[in-house]
Number of protein chains: 2
Amino acid sequence: MTWPEPTPDARTGPSTRGPADLVITGCTALVHDEREEVGFVENATIVVRGGRIETVTAGPVTAGPAIAGRADPTTTGLAAAEHIDARGQVALPGLVNCHTHSPMVTLRGIAEDLPIEEWFNEFVWPIESNLQERDVELGARLACAEMIRGGVTCFADHYFSMDTVAAVTAESGLRANLGQAFFSSQGAEGRERSLDFALRHRDTADGRITTSLAPHAPYTVDDADLAATARLAREHGLLVHIHAAENRDQTEASLARHGRTPIEILAGAGLLDTDLLIAHGTGIVERDLPVLARASGRVGVASAPRGYLKFAWPTTTPVRALRELGIPVGLATDGAASNNSLDVWESMALTALAQKFTEADPRRLTSRQALHHATLQSARAVGLGERIGSLAPGLRADIVLVDLSGPHTQPVHDLAATLVHSARAGDVHTTIVDGRILMRDRELLTLDVPAVVREINARMPALIDRSHGRRIQDYDT
Amino acid sequence: MTWPEPTPDARTGPSTRGPADLVITGCTALVHDEREEVGFVENATIVVRGGRIETVTAGPVTAGPAIAGRADPTTTGLAAAEHIDARGQVALPGLVNCHTHSPMVTLRGIAEDLPIEEWFNEFVWPIESNLQERDVELGARLACAEMIRGGVTCFADHYFSMDTVAAVTAESGLRANLGQAFFSSQGAEGRERSLDFALRHRDTADGRITTSLAPHAPYTVDDADLAATARLAREHGLLVHIHAAENRDQTEASLARHGRTPIEILAGAGLLDTDLLIAHGTGIVERDLPVLARASGRVGVASAPRGYLKFAWPTTTPVRALRELGIPVGLATDGAASNNSLDVWESMALTALAQKFTEADPRRLTSRQALHHATLQSARAVGLGERIGSLAPGLRADIVLVDLSGPHTQPVHDLAATLVHSARAGDVHTTIVDGRILMRDRELLTLDVPAVVREINARMPALIDRSHGRRIQDYDT
């Protein structure tokens, strides 16, 4: 497993190829040094051209062509079609929600305070048997709005009706890795549809959409299907996105039934030799570590700690052990039906807190480590380590601006700590993807929330009806 | 231990004694029924007069005197000096921060990712030896601003220079219970100053300030001082606010040194026969429960779960065991030097999550239980159960309005869950104490944050200097 490094270079001067598309001035920029340590550039100027970060420089850029567009000559001295004066704000790479089911925001709060078996079998899987394309479309739209407002610029989605989610992603301006989920109960057709989706949609939406094969989990997809998925992934160069070792019970059930852990099942199917995104992994146990160490694919894990606490699972993702193997652990929210929000900012704070508590060590995760998970590791986990995850020249311009002027984020003794432990998703003022501004000063520019909410509420009685007694699947680890 | 109940009565009609001071219309109001269960009144009208809630009624109030003031006749039909159209918002009792050290916001982020011994001995207690009145004043002002913006209407503060904190509390418009902290290392003078403060300030600021005696902790205040404090509390009818059994290590150290737990030490000093607010209590053990059950005073506990996770303490406040004894557990943040914020909303969510996790039971705390802690139990914990904690006629009008129109709080299947697990402190739009609006549509009306932040930053180098080698106390449980 090797992870290509983006190469931040704050010394590169601005191009003189005419006006930039976007210039951000006066911010403090989160950057990574050559050892990937998180640091900050004060009074930074970020120049964006062609959807990429061209330069990140300390202080105002003074060289450049004649003033044009909306640039403010007094602060930038640099021509740009669009200028953001970001004094008092921190620029950081957009957050990545490494594992979610975005349309499930429609079920936020539908099944509260329950063990996972009841949550699935009594609520979520019966309700999902009612799901219509329009529900998915509206849910995805609401989810994209929530994520843009919370500073998320990219999400890895694993759900049904993904053609619809792809269309909404394109419309929203967000970046995403999308996978059409399947169970073996669907026969070969499920896997074929997942492949068909992945091939039709990859690198669409101006390259913002990448795709995965999305087998649901080792307890719902059989070994033959998993092995076929691994072959298809290698053949087509696709990421595989799967739930595995979600909790300790699943690992124990797998051992009891098959004599193998879920991770050993993935290995046996050849999935650790593909690029693989494992959701959750709180059931990863000691004997899985050498198996993961032998992986030849780029394996990453997505951790969504809020849900683990809420379901009262006994463990959280073993971040320290995974990091010792060089496996990136990205931040996630899972779907809002379990997590109640798509707030990756909260996932960042909870990852730091849950790791301290479960490892009984207040010294880690430090805030800088949490920010490393939120940036480079999250980008790598979703297979985009060469495109996003750092404010570095040449990478895509996925940037969020966070306002720290509120009383809850002052004074600032340790900016990393302020970001992780004091700031909140609502402090994100501006969200930019591929250099395009999707939210400016908290105003969403690509989505109409009130219209979406009105229609969701009108459709809700039909969606949540469980009187038919059907469900799409049984939860039985 | 008995807790007098507020008596909500939504059937009482409005008074006809001239215009009301404030009318809030169109909101959904959180109320408690006769068994104290949390419920919601749709399209509620709240009438405030003389700083108290006069009525909470379903639907618009139609009776009433001639229209006057700023009331909107089309929606209220009721005269009022001030009218808030709160359609789409939820009204709830203002949150109570049951244990904090408000001026410590100036040290937010100063000592990160450390065990508590280093946090105290290497950072907090050396820095506090530099503390000037002006630092306390500015810190308290910033803290009040943060709390008002986060929907906190009352806080229990335990710190130094409390005359200054009282002045800032009065100016901010907040309600508070304030105690001047003391150590036995200060001799009898510390205790006397704490009493003097408590007697001079109680029921000041139009009754918004109540006071406590504030011995620091059983490991810094000796048995004789604790017993003297208990006598003074009974003599003067004062609450006692103390750190005790903060963590398991303290309980074990106390057993090793004295053969008694911190709770047994409090009992031996007579403090369980006073009205007592215990901060933290994560070190409360099985043998403490019968001791607490025998308490004849009104004992409450303040829980600040974020810090317990951050310090990697092995336990959290034993909420279930305390509830079985009838002891109210209120929500708190502790100081921002450890907690990084004064976000009681986050404490509410983390209390629910941490209890599920530590009790290995996803079924509790439910969101309604969390809201009960945030309202009635918090009010009782700080000795104000007869004045605040519920939107009930006759209680003080401490009300917050929360906007749920954001994409992260829609749709609403379970309003209690939406409030606890999806809403955030930043969704509070309006904060009202004693009927006076302290924040309206996110605009602070009583405090000037930029001026405070500028002066704090200018004073910071002198405040955080540790080169002198002094500290105000040693942490050694």
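# A tour of a two-chain predicted model

**Stop 1: a helix pair in chain A.** Select helix H2 (residues 133–149) and helix H3 (residues 162–172) of chain A: they pack at an angle of about 35°, and their axes are 9 Å apart. The model is predicted, so read each stop as a feature of a prediction. Look at the handedness of the pair: the crossing of H2(A) and H3(A) is right-handed.

Now show the side chains. On H2(A), pick A:Glu133, A:Val136, A:Glu137, A:Ala140, A:Arg141, A:Cys144 and A:Ile148. They meet A:Thr164, A:Val165, A:Val168, A:Thr169 and A:Ser172 of H3(A). Colour this contact by class and six nonpolar, three polar and three charged residues appear.

**Stop 2: the domains of chain A.** Stay in chain A and zoom out. Colour domain 1 as 22–93 + 394–444, and domain 2 as 95–381. Domain 1 of chain A is thus given as two segments, while domain 2 of chain A is given as one. Place a marker at each C-alpha centre: the two centres lie 29 Å apart.

Next, select the contact between these domains. On the domain 1 side there are 24 residues, facing 26 residues of domain 2 of chain A. Which elements of domain 1 each supply at least two residues to that side? Strand E1 (22–32), H14, strand E15 (428–433) and strand E16 (436–440) of chain A do. H14(A) gives the largest share, five residues. By class, the domain 1 side has 14 nonpolar, three polar and seven charged residues.

**Stop 3: a cis peptide in each chain.** Go to A:Pro411, in the loop between strand E14 (399–403) and helix H14 (415–422) of chain A. Check the bond that joins A:Gln410 to A:Pro411: the peptide is cis, with omega about -15°. Most peptide bonds are trans.

Jump to chain B. B:Pro411 sits in the loop between strand E14 (399–403) and helix H14 (415–422) of chain B. The bond from B:Gln410 to B:Pro411 is cis, and omega is near -10°.

**Stop 4: positive phi in chain B.** Most residues other than glycine have a negative phi. Select B:Ala312, where phi is near 60°. B:Ala312 lies in the loop between helix H9 (305–310) and helix H10 (319–324) of chain B. Is B:Ala312 buried or exposed? B:Ala312 counts as buried, because 21 C-beta neighbours lie inside 10 Å.

Move on to B:Asp334. Phi of B:Asp334 is also positive, near 60°. B:Asp334 belongs to the loop between strand E13 (329–331) and helix H11 (336–339) of chain B. B:Asp334 is buried too, with 28 other C-beta atoms within 10 Å.

**Stop 5: around B:Leu331.** Select B:Leu331, in strand E13 of chain B. B:Leu331 is buried: 29 other C-beta atoms lie within 10 Å. Show its contacts, leaving aside neighbours within four places in sequence. They are B:Cys98, B:Ser303, B:Val344, B:Ser347, B:Met348, B:Thr351, B:His373, B:Ala374 and B:Ser378. Draw a distance from B:Leu331 to B:His373. The two are 42 residues apart in sequence, yet 6.7 Å apart in space, C-alpha to C-alpha.

**Stop 6: where the chains meet.** Display both chains. Here 49 residues of chain B are in contact with 50 residues of chain A. On the chain B side, highlight helix H2 (133–149), H9, helix H12 (344–359), H14 and helix H15 (449–464), which each supply at least two residues. Which of them gives the most? H15(B) does, with five residues. Colour the chain B side by class: 21 nonpolar, 14 polar and 14 charged residues.

**Stop 7: the axis.** How do the copies relate? Superpose chain B on chain A: a turn of 180° and a shift of 0.0 Å along the axis bring them together with an RMSD of 0.0 Å. That is the relation of a two-fold axis. The same surface serves both copies, as 100% of the contact residues of chain B recur in chain A.

Finish by looking down the rotation axis. Which residue of chain B comes closest to the axis? Select B:Gly426, whose C-alpha is at 3.3 Å.

Technical notes:
Residues are numbered from 1 along each chain as its sequence is written. Chains are lettered from A and ligands numbered from 1 in the order in which they are written. This is a predicted model: local features need pLDDT of at least 70, side-chain atom pairs count only at pLDDT 80 or more; totals for chains, interfaces and linings use all residues. Helices (H or I, at least four residues) and strands (E, at least two) are DSSP runs, numbered from the N terminus. A residue is buried if 20 or more other C-beta atoms lie within 10 Å of its own, exposed if 12 or fewer, and partly exposed in between; C-beta atoms are placed from the backbone. Axes are lines fitted to C-alpha atoms, for helices over the stretch in contact, and angles run from 0 to 180 degrees between N-to-C directions. A crossing is left-handed if the near helix is turned anticlockwise from the far one by less than a right angle, and right-handed if clockwise. Two residues are in contact if their C-beta atoms, placed from the backbone, lie within 7 Å. Ala, Val, Leu, Ile, Met, Phe, Trp, Tyr, Cys and Pro count as nonpolar, Asp, Glu, Lys and Arg as charged, and the others, Gly among them, as polar. Copies are superposed by least squares on the C-alpha atoms of residues with pLDDT of at least 70 in both. Domain bounds come from an automatic or database domain assignment.
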